[in-house]
Amino acid sequence: MVASGSDDRTVRIWDVSMDGKEIQKFTDHQGMINCVKFHPDSTCLASCGTDKKIKIFDCRSHRLLQHYDAHDDAVNSINFNQSGTHLISSSNDATVKIWDLRKGCILYTLFGHEGGTTSASFSPMGDYFLSGGSDAVVLAWQSNMNHIRNENIEEIQAKIETEVF
């Protein structure tokens, strides 16, 4: 299975083993979809977009499981931690947020960028995460939320789009 998010406000799941047949379409967002991510066990799919919301869908029942009024501006990226218990989000509101998916609530709102945050991702072991922003800064954080360092990346002329571990 693969997932897509679109300007038409839809999240779609496709079965590539069936010649790319669409198997589910979600129409719950009120704005353009910026990012979709499968849960590590592939049972759920998270999405975010310009409507400032994060939605988590069950891939088996095809139902909306969780809905978060997440940020004060467009949500640019979302990523699960390795165990799938937490989600990290970045937004044009210049914040990074950590969500507890078991309790269905926000744990932390983190400030550090001077412009929109364009991406955020947990390290494979979950002990760190990175955030990148339109301020051309990459921030590395310990998962206990202590800020450990930031570096201006002078070679970057445009906003940071993604980071890879």
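**Salt bridges, pair by pair**

Arg102 has a relative accessibility of 61%, so it counts as exposed. Keep in mind that this is a predicted model. Which residue does Arg102 meet in a salt bridge? Its partner is Asp100, with N and O 3.8 Å apart. That distance makes the list because the cut-off for a salt bridge is 4 Å. Asp100 sits at just 4% relative accessibility, which makes it buried. So here an exposed arginine, Arg102, is paired with a buried aspartate, Asp100.

Next, have a look at Asp8 and Arg12. Their side chains also meet in a salt bridge, this time at 3.2 Å from N to O. Asp8 is partly exposed, at 43% relative accessibility, whereas Arg12 is buried, with a relative accessible area of 17%. Arg12 lands in the buried class because the limit is under 20%. This pair doesn't stand alone, either: salt bridges with shared partners tie Asp8, Arg12 and Glu22 together into one network.

Now over to the strands. Asp69 and Lys53 form a salt bridge whose closest N and O atoms are 2.8 Å apart. What parts of the chain does this pair link? They are distant ones: Asp69 belongs to strand β7 (residues 64–69) and Lys53 to strand β6 (residues 53–58), with the two positions 16 residues apart in numbering. Asp69 is exposed, at a relative accessible area of 58%, while Lys53 is partly exposed at 22%. With the buried class ending at 20%, Lys53 therefore falls in the class in between.

Counting by the same distance rule, the model has 5 salt bridges, among them Asp8–Arg12, Asp69–Lys53 and Arg102–Asp100.

Definitions and conventions: Residues are numbered from 1 along each chain as its sequence is written. This is a predicted model: local features need pLDDT of at least 70, side-chain atom pairs count only at pLDDT 80 or more; totals for chains, interfaces and linings use all residues. Side-chain values use heavy atoms; hydrogens and water are left out. Buried means under 20% relative accessible area, exposed over 50%, partly exposed in between (1.4 Å probe, protein chains only). Helices (H or I, at least four residues) and strands (E, at least two) are DSSP runs, numbered from the N terminus.
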